[in-house]
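This report walks through one protein model, beginning with a metal site and going on to pockets and a sheet. Please keep the sequence and the 3D view at hand while reading.

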Amino acid sequence: MFTTIHKSKKINESGHAIYLFSSLKSINTKLFSKDELEYIKTQVEKNEQKTILINRLKQQVFVLLIDEKKEKHATVETVRAKGATILASIKSQKIAEINIQNHSSEKLYSLALAEGLALANYQFLKYKTTKAKSATSLKKVNILDADVSETQVAELQHVIDATLFSRDLVNEPVSFLSAPQLSKEIEKLGKQSGFKVEVLSKAKIEALKMGGLLAVNKGSVQPPTFTILEWKPKNASNKKPVVLVGKGVVYDTGGYNIKVGTGMETMKCDMAGAAAVAGTLYAVAKNKLNVHVIGLIPATDNRIDSKAYVAGDVITMHSGKTVEVLNTDAEGRLILGDALSYAKKYNPELVIDLATLTGAAMAAIGKYGIVAMGNADEKIKNKLKESGNVVYERLAEFPFWEEYGDLIKSDIAEIKNLGGPYGGAITAGKFLEHFVDYPWMHFDIAGPAFLEANDAYRTKGGTGTGVRLLYHFLKNNSK
Ligand code: BES
Ligand code: ZN
Ligand code: ZN
């Protein structure tokens with residue numbers, strides 16, 4: 001079970017609490033004894049502490065002063081991150097329930113704090129056979145804030161759950177999460193939240209001539225799947241759907257261009273794009289957004305076998321375009337190319353694909369943002385960037401000049417799946433561009449999708465990157 005968040009209507013005098021204040025000056029002195037106030041003052045003034053723990057033995061009170069940054073978004077992010085810091089202390093004291101009391105002027109802060117606590121409190125214990133020592137104590141977060149509505153709390157809960165379901169999917173190893181199993185998990189999420197799911201079998205994928213997905217799947221024992229998710233409310237504000245495409249490589253060995261050293265260890269994360277799309281549909285459906293959204297998830301593993309595809313092969317994609325495969329490890333663009341051309345049949349308003357596509361994207365900006373590119377107009381790009389800033393899954397737009405397209409021209413087919421030694425994230429994007437004829441954005445999430453260590457409320461392993469971003473964008477779009 002994930003952490004649950006509730007709105008409380010009256011003060012719980014004796015429960016463990018976090019008090020939020022805008023500054024030292026604005027502290028409500030009635031809440032503390034003289035000694036406690038003195039203690040808070042010295043901690044803030046002498047030690048520059050922004051989080052102070054008052055230990056009342058039976059009651060722990062965390063005093064949190066907002067650390068104002070120049071940008072409002074950055075301030076909100078420090079509050080989320082404080083949730084992770086306070087959680088460490090909550091866990092060490094085996095606290096099960098905590099009450100947030102907002103004494104600052106901003107309702108955003110109590111929601112952000114609850115969000116940080118709940119996201120940081122995530123753990124993946126499915127494969128632990130003994131009761132994990134580190135298992136978290138925190139079960140429940142109550143928000144006391146007159147400006148926060150029940151609806152807002154429920155909405156936050158759904159988006160958090162969606163993010164954590166997405167983390168679960170990414171953290172599942174391929175020994176469980178094959179392509180068919182990924183489709184089954186998505187069907188479960190659909191049932192729980194109300195979005196429709198259709199799973200195309202290998203026979204159907206063959207009939208559709210999805211040559212990219214089939215080529216990557218050739219080395220696999222398990223069949224590929226192509227999962228179609230749909231949320232179509234009666235009152236949808238958009239006539240043409242928004243289509244989200246997620247890379248679902250459930251494991252990437254690299255194929256015959258095998259990954260060496262430690263390069264393969266984390267490659268169960270190569271379906272993080274798919275997990276983000278599934279999580280987003282869950283959040284959208286649970287919150288009943290009045291926007292028509294479709295998700296497309298091509299899925300397979302990428303493995304070695306005597307039947308596997310090899311460098312030098314030429315394949316024909318779903319669109320009819322021919323591709324010279326020059327590296328079997330550049331498999332993501334092959335399965336995405338098929339999904340992107342399939343998306344044309346929906347006559348979409350906008351298509352966004354999410355993929356752990358290139359090491360080059362990770363090398364360029366690391367874990368702090370999403371590499372973005374595409375042909376959508378500036379208005380849409382700006383809206384996406386704004387959502388990225390609000391949820392702090394920030395977008396770094398890369399150049400997308402025509403010249404990069406020259407780097408993937410093939411001698412014997414129309415294009416090749418390998419660019420030159422530089423600009424690898426962009427040449428991958430240019431490859432995808434061959435399969436779109438609608439407003440489109442490509443998000444390369446290779447950097448932030450999977451972390452080696454905790455980063456505040458983004459826990460080690462799968463992060464669920466993309467869910468909060470897309471939910472926010474779709475909600476803004478549906479108004
Ligand atoms: N799944 C990888 C990209 C990746 C790398 C994701 C690190 C997450 C972390 C992708 O399929 C891949 O192997 N890309 C190659 C492309 C190259 C062969 C053109 C890469 O980035 O090295
Ligand atoms: Zn690869
Ligand atoms: Zn891959």
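In this predicted model, the zinc ion (ligand 3) is coordinated by Lys247 through NZ, by Asp252 and Asp270 through OD, and by Glu331 through OE, at 1.9 to 2.5 Å. Along the chain, the donors of this zinc ion follow the spacing K-x4-D-x17-D-x60-E. What arrangement do the 6 donor atoms around the zinc ion (ligand 3) make? The angles that they subtend run from 77 to 174°, and the arrangement is therefore octahedral. For comparison, the ideal angles for six octahedral donors are 90 or 180 degrees.

The zinc ion (ligand 3) lies 3.2 Å from the zinc ion (ligand 2), and Asp252 coordinates both. Is Asp252 buried or exposed? With a relative accessible area of 3%, Asp252 falls under the 20% cut-off and is therefore buried. Lys247, another donor to the zinc ion (ligand 3), is likewise buried, with a relative accessible area of 1%.

Turning to the pockets, the table sets out the two largest by volume and lining.

| Pocket | Volume | Lining residues | Nonpolar | Polar | Charged |
|---|---|---|---|---|---|
| Largest pocket | About 760 Å³ | 36 residues | 12 residues | 14 residues | 10 residues |
| Second largest pocket | About 570 Å³ | 21 residues | 9 residues | 4 residues | 8 residues |

In the largest pocket, the lining residues closest to the centre are Lys259, Met267, Thr358, Gly359 and Met362. The elements α10 (359-365), α13 (424-433) and β19 (450-451) each supply at least two residues of this lining, and the largest share, 3 residues, comes from α10.

For the second largest pocket, the residues closest to the centre are Leu108, Leu111, Glu155, Val390 and His472. Two or more residues of its lining come from each of α2 (72-92), α3 (107-120), α4 (150-171), α11 (378-391) and α14 (467-477).

The last feature is a sheet. Here 3 strands form an open sheet with mixed pairing, in the order β12-β13-β17. Because β12 (314-316) and β17 (415-416) stand at the edges, each with a single partner strand, one side of each is left without a neighbour in the sheet. Between β12 and β13 (residues 322-324), which run antiparallel, there are 3 bridges, and Ile315 stands opposite Val323 in β13.

Terms used
Residues are numbered from 1 along each chain as its sequence is written. Chains are lettered from A and ligands numbered from 1 in the order in which they are written. This is a predicted model: local features need pLDDT of at least 70, side-chain atom pairs count only at pLDDT 80 or more; totals for chains, interfaces and linings use all residues. Side-chain values use heavy atoms; hydrogens and water are left out. On a 1 Å grid over the protein atoms alone, a cavity is a set of points where a 1.4 Å probe fits but cannot get out, and a pocket is an open set with protein on both sides within 12 Å along at least five of seven lines; lining residues have an atom within 4 Å of a point. Grid points are joined across faces, edges and corners, and a volume is the space filled by probe spheres set on the points. Helices (H or I, at least four residues) and strands (E, at least two) are DSSP runs, numbered from the N terminus. Ala, Val, Leu, Ile, Met, Phe, Trp, Tyr, Cys and Pro count as nonpolar, Asp, Glu, Lys and Arg as charged, and the others, Gly among them, as polar. Two strands pair if DSSP finds at least two bridges between them. Donors are N, O and S atoms within 2.8 Å of the metal (3.2 Å for Na, K and Ca); water is not among the atoms, so sites may look incomplete. Four donors count as tetrahedral if all angles lie between 85 and 135 degrees; four count as square planar and six as octahedral if opposite donors are over 155 degrees apart and all others between 65 and 115; anything else is irregular. Buried means under 20% relative accessible area, exposed over 50%, partly exposed in between (1.4 Å probe, protein chains only).
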